[in-house]
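Here are some exercises to work through with the structure in view. Try each task yourself before you read its solution.

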Amino acid sequence: MTFRQALDLGRPLLLDGAMGTMLQTSGMPAGVSPEVFCMENPDNLRSIHKAYVDAGADVLTSCTFGGNRFKLPQKLDVFSFNKRMAEIARTVADQVGRPVFVAGDVGPSGQFAKPLGPLEPGELIDAFAEQIRGLVAGGVDLIFVETQFDLAEARAAVVATRQVCDLPIMVSMTYEQGVSLTGSSPEVFAETMQNMSVDVVGTNCSLGPEQMRPVVEELLRVCACPVMVEPNAGLPELQNGATVFPLGPEAFAQKTASFAAMGARILGGCCGTTPRHIAALAQAVSGIQRVEPPLVTRKGICLTSRSRLVRIAAGQPLAIIGERINPTGKKTLSRELQEGCFDTALTMADAQAEAGAAVLDVNVGAPLVDETFLLPELAKCLVGRMELPLSLDSPNAKALAKALPYCPGSCLINSINGETGRMDILGPLCQNYGAPFILLPILGTQLPQSATERISIVENLLEKAVSLGISQRLVMVDILALSVSSSGDSSRQCLEMIRWCDAQGLPTTLGLSNLSFGLPARDLLNATFLSMAVGAGLTSCIANPSAQRLHEAVDAMNVLCEHDPQAETFIDAYAGWKSGDGSVVTRKGSSVAATTVGDAVINGDREHIISLIDIDLATGADPFALVQKTLIPAITEVGKRYERREYFLPQLIRAAETMQMAFAHLKPQLEASRGVEKRPVVVMATVEGDIHDIGKNIVSLLLGNHGFDVVDAGKDVPAEAIVACALEHKARIIGLSALMTTTMVRMEDTIRLIHERGLPIKVMVGGAAVTQAFADSIGADAYSADAVGAVRVAKAFV
């Protein structure tokens, strides 16, 4: 029978009791290392193990509490010592005519990992792995990580165990006044360990049975896994100059057995207990055939830091994941990250925490930044400064893997998509570290437009996760908000996706600002849609927590969804609140039928542009004059309004499409009357690895409006193909687009090819993460921040 099979039987299992006092009783002199004594006196250790087995213990603990490289005397080899101690316990267990299991005991290292202490997290993991390899070689049945007082160290021991073996893991933390030494509550500890899929969660030491009861109650309230309880024999007292534990065997057994009635599956004794205490406990629980733990139903994900827990699930308040620590569009932050400076990032972290963010998203993807170095460094700084859990945000799997160990609890990984190999790499990493992750429904080179497509991708990714042994308790779905300015039914598809996820018990999130991209009054749109989304079941959003309308909407929803009892928080915050004046700026052109060709372009009046042109032509207007003196000045005015932020992306696109219709209608007459001048050719492409093409398409549209022949080479295009396309079409200009920091570096591939071949082709670059400094660094001929600027650059080239 295995230990897991014994757990499944449901009867109480008994651990042994204290070891140190028993060694002293067996003859260990004061001041002698227990490890050295046991190596030199193995028979004494066997006798103690046998006494506990005879008392009724089901689990023997190897005498390896201090068996790590930081505590073990230098004369003892870590592997050999742990192997020998495990073998001694194994021999005793195997001589009994009933199943007795050996737990490989892993105590605290006595060290703290960075940023709390001097050790790199990897050093701590390596030290535990070294010890555990010896225990496994000695034949243990499970690993018992006990008397932990720091969440980061407990997690490191679990990670180390997973690196070495697949044995069951039992983890126990010690508390005083309801928290561990470094500030973790039982709930924080339990949820972190359950995220790591440990087999048993428990508490031991520091307290007697009575004082331990509130801790056990909290563990039983949140643990779906078995709970272990191992109290001391009361609180220590000083009697006749010696420290003693006052509870005798019967009193200890009576009080400790009550934990089985509460639902604890594994009981034992810590400081001050003896085989007599365990024998009495065995007698006290002998009538219990099956422990019935409380039913724990859990939805959603749990994120933790050392001292904070955030539940993202149906029925919980909406969690805002602060989005500000992201260099995209932030010149100062981008520059500082390139310099290795975190001043602005830390200021943003403080401001978001103060504004009510539940989690902080951390993205360091500035141009020319080594994320594998910078993300761990910033994570380390934030962990040392903030209580909030972090969301590590990077497409670079290596950067995530290096940053993850610095987060002491269960941080969020943003994100895992359908990219080949990404789930295989990050999924097991998240499972081993207990890190929930955002599942992004993108597969291949296409952004799924419909909820049906996204659901299919999510189902496939969930199936892949299950095949890798990854728990669904780690999964949150990004519903993939796309801009309503470019996809009219984007919001409807999002709501449908939210409802499906809610029905599956999957928590959800979205990048809220994506929905309103290119529109005015974005905060208004964001807040309105957020209310709709929460009504459909949305559980979190990635947004700026300082946005006033967002803040107001969330506070109001907390009242309406009964997350703010008696509206106390709302009343305190809004007692003096006054509504805004509600004024709306009416802009000419968005819905007004045009009366002239120029107004039709400015207003984006696609419905009337052809008829207005025909009227002008019928009255004798020259086609070339219409193009040069009416259409081009009109589209130029649209560009100016866009730059002044009087127009936004939808108006810009609509005007460009109107212009395109006008030119297409005039083209036959232009060719018939004078012929069409040869227009300069521009090849537009989204670089290799990047599937985003909205920005490229808008630039292409405007360039076509301004007298260029545009060849769209597509998206995810290798450099060789881009250059070949330019040569084929005799292009004078190449325009390169990229949205992500990981793909924008591929722009340099095209520039390098052009230079190597000495081609007379200019290259302009742009995209959300691209900057002038980046363009200069890769040798681009020009940079443009938007489509209007790209037209200006292209005109300057020719």
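A residue is called buried under 20% relative accessible area, exposed over 50%, and partly exposed in between. Keep in mind that this is a predicted model.

**Exercise 1.** Classify R644 and its salt-bridge partner E637 as buried, partly exposed or exposed.

*Solution.* Begin with the contact: E637 and R644 form a salt bridge, with 3.5 Å between the closest N and O atoms. Next, look up R644, whose relative accessible area is 44%. That value falls between the 20% and 50% cut-offs, so R644 is partly exposed. Now do the same for E637: with 22% relative accessibility, E637 is partly exposed as well. Some salt bridges share partners, and in this way E187, E191, R221, R298, R311 and R473 are joined into one network.

**Exercise 2.** Find out which parts of the chain the salt bridge between R11 and D58 ties together.

*Solution.* Step one is the distance: the side chains of R11 and D58 meet at 3.1 Å, N to O. A salt bridge needs such a pair of atoms within 4 Å. Step two is to place the residues. R11 sits in the loop between α1 (3-9) and β1 (13-14), and D58 in the loop between α4 (42-55) and β2 (59-61), so the salt bridge ties together parts 47 residues apart in sequence. Step three is accessibility: R11 is partly exposed at 35%, whereas D58 is buried at 4%. For the wider picture, a search of the whole structure finds 36 salt bridges.

**Exercise 3.** Describe the salt bridge between K464 and D424, and say which helices hold the two residues.

*Solution.* First, the closest N and O atoms of K464 and D424 are 2.9 Å apart. Second, K464 belongs to helix α17 (residues 451-467) and D424 to helix α16 (residues 422-433), so the pair links distant parts of the chain, 40 residues apart. Third, check both partners: K464 is partly exposed at 31% relative accessibility, and D424 is partly exposed at 38%.

**Exercise 4.** Decide whether the aromatic pair F3 and F101 is stacked or edge-to-face.

*Solution.* Start with the ring centres, which are 5.7 Å apart. Then take the angle between the planes, 80°. Angles over 60 degrees count as edge-to-face, so that is the label for F3 and F101. Now locate the rings: F3 is in helix α1 and F101 in strand β3 (residues 101-106), so this pair ties together parts 98 residues apart in sequence. Both residues are buried, F3 at 3% and F101 at 4%. In the whole structure, a search finds four aromatic pairs.

**Exercise 5.** Work out the strand order of the five-stranded open sheet, and identify the helices that pack on it.

*Solution.* The order is β22-β21-β23-β24-β25, with parallel pairing. At the edges are β22 (709-717) and β25 (782-783), each of which pairs on one side only. Now zoom in on β23 (residues 733-737) and β24 (residues 762-766), which pair over five bridges in the parallel sense. For I734, the bridge partner in β24 is V763. Last come the helices. Helix α27 (residues 719-728) lies across β21 (681-687), β22 and β23, running at about 165° to β22. Helix α31 (residues 787-797) touches β23, β24 and β25, and its direction makes about 170° with that of β24.

Methods: Residues are numbered from 1 along each chain as its sequence is written. This is a predicted model: local features need pLDDT of at least 70, side-chain atom pairs count only at pLDDT 80 or more; totals for chains, interfaces and linings use all residues. Side-chain values use heavy atoms; hydrogens and water are left out. Helices (H or I, at least four residues) and strands (E, at least two) are DSSP runs, numbered from the N terminus. Buried means under 20% relative accessible area, exposed over 50%, partly exposed in between (1.4 Å probe, protein chains only). Rings of Phe, Tyr and Trp (its six-membered ring) pair if their centres lie within 6.5 Å; planes under 30 degrees apart count as stacked, over 60 as edge-to-face and the rest as tilted. Two strands pair if DSSP finds at least two bridges between them. Contact means heavy atoms within 4.5 Å. Axes are lines fitted to C-alpha atoms, for helices over the stretch in contact, and angles run from 0 to 180 degrees between N-to-C directions.
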